[in-house]
Amino acid sequence: MISVLLPTRGRPDNLQQSLASLYDLALNPRNVETLLRFDNDDPTLSVAADVIKPYLERYNCISLVGKRWGYWRLHEYYNQIAARSQGDTLVIWNDDTEMMTLGWDEMLLKP
């Protein structure tokens with residue numbers, strides 16, 4: 001399994017595009033686990049909740065909400081969600097990033 005580590009804040013439109021690109025271009029989306037980390041004071045949290053709902057229901061997508069640490073402590077967001085991941089392969093991802101390669105998941109899982 002591939003675990004995509006994705007802290008996000010204030011960009012629900014970008015987040016939706018990013019998630020869509022990950023799952024739409026994966027040949028086996030069931031092998032992709034996405035771990036999202038939101039700040040509890042994010043003013044767009046309710047909008048983001050609506051955006052990610054289909055991914056939470058359909059795919060292996062986990063959403064965590066916690067205290068805001070800020071950009072200078074970004075590594076702590078990644079560490080927190082990495083500790084919850086189940087994959088053998090970890091991918092550090094951003095909410096303004098889009099996957100562009102069909103079958104990216106199979107490429108990463110090749111021995």
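Asn-60 counts as partly exposed, at 28% relative accessibility. This is a predicted model. Asn-60 sits in strand E3. Along the chain, Asn-60 and Glu-33 are 27 residues apart, yet their C-alpha atoms are separated by 4.9 Å. Leave aside the neighbours within four places in sequence, and Asn-60 is in contact with Met-1, Tyr-23, Val-32, Glu-33 and Thr-34.

## The sheet

Strand E3 belongs to an open sheet of four strands. Their order is E3-E2-E1-E4, and the pairing is parallel. Which strands form the edges? They are strand E3 (60-66) and strand E4 (89-92), and each of them pairs on one side only. From one strand to the next, the twist averages 20°.

Now take one pair of strands. Strand E2 covers residues 32-39, and seven bridges join E2 to E3. These two strands run parallel. One bridge can be picked out by name: Leu-35 has Ile-62 as its bridge partner in E3.

A helix packs on this sheet. Helix H1 (residues 12-24) touches strand E1 (2-7), E2 and E3. The direction of H1 makes about 170° with that of E2.

## Salt bridges

Side chains of opposite charge can pair when their charged atoms come close. How many salt bridges does the structure hold? There are seven. The table lists three of them, including the N to O distance for each pair.

| Pair | N to O distance | Relative accessibility |
|---|---|---|
| Arg-11 and Asp-96 | 3.6 Å | Arg-11 36%, Asp-96 46% |
| Arg-37 and Asp-39 | 3.3 Å | Arg-37 1%, Asp-39 3% |
| Lys-53 and Glu-57 | 4.0 Å | Lys-53 46%, Glu-57 60% |

Start with Asp-96 and Arg-11, whose side chains meet in a salt bridge. Asp-96 lies in the loop between E4 and helix H4 (104-109), and Arg-11 lies in the loop between E1 and H1, so the pair ties together parts that are 85 residues apart in sequence. Asp-96 is partly exposed. Arg-11 is partly exposed too.

Next comes the pair Lys-53 and Glu-57. Both residues lie in helix H2 (residues 45-58). They are four residues apart, which is about one turn of the helix. Is each side chain buried, partly exposed or exposed? Lys-53 is partly exposed, because its relative accessible area of 46% lies between the cut-offs of 20% and 50%. Glu-57 is exposed, because its 60% is over 50%.

Arg-37 and Asp-39 form another salt bridge. Arg-37 counts as buried, at 1%. Asp-39 counts as buried as well, at 3%. The pair is also part of a network: salt bridges link Arg-9, Arg-37, Asp-39 and Asp-41.

## A buried charge without a salt bridge

Asp-42 is found in the loop between E2 and H2. Asp-42 is buried, yet has no salt bridge. Why does Arg-9 not count as a salt-bridge partner of Asp-42? Arg-9 has the nearest side chain of opposite charge, but it is 5.0 Å away, and a salt bridge needs the atoms within 4 Å, so the pair does not qualify.

What does the side chain of Asp-42 make a polar contact with? The partner is the side chain of Thr-44, at 2.7 Å. Not counting residues up to four places away in sequence, Asp-42 touches Thr-8, Arg-9 and Gly-10. Thus Arg-9 touches Asp-42, and Arg-9 is also a member of the salt-bridge network.

Key. Residues numbered from 1 in each chain as written. Predicted model: local features only at pLDDT ≥ 70, side-chain atom pairs only at ≥ 80, totals over all residues. Heavy atoms only, no water. Pairing = 2+ DSSP bridges. Axes fitted to C-alpha atoms, helices over the stretch in contact; angles between N-to-C directions. Contact = heavy atoms within 4.5 Å. Buried < 20%, exposed > 50% of the residue type's maximum accessible area, 1.4 Å probe, protein only. Lys, Arg positive; Asp, Glu negative; His and termini not counted. Polar contact = N/O pair within 3.5 Å; in protein donor to acceptor, adjacent residues only side chain to side chain.
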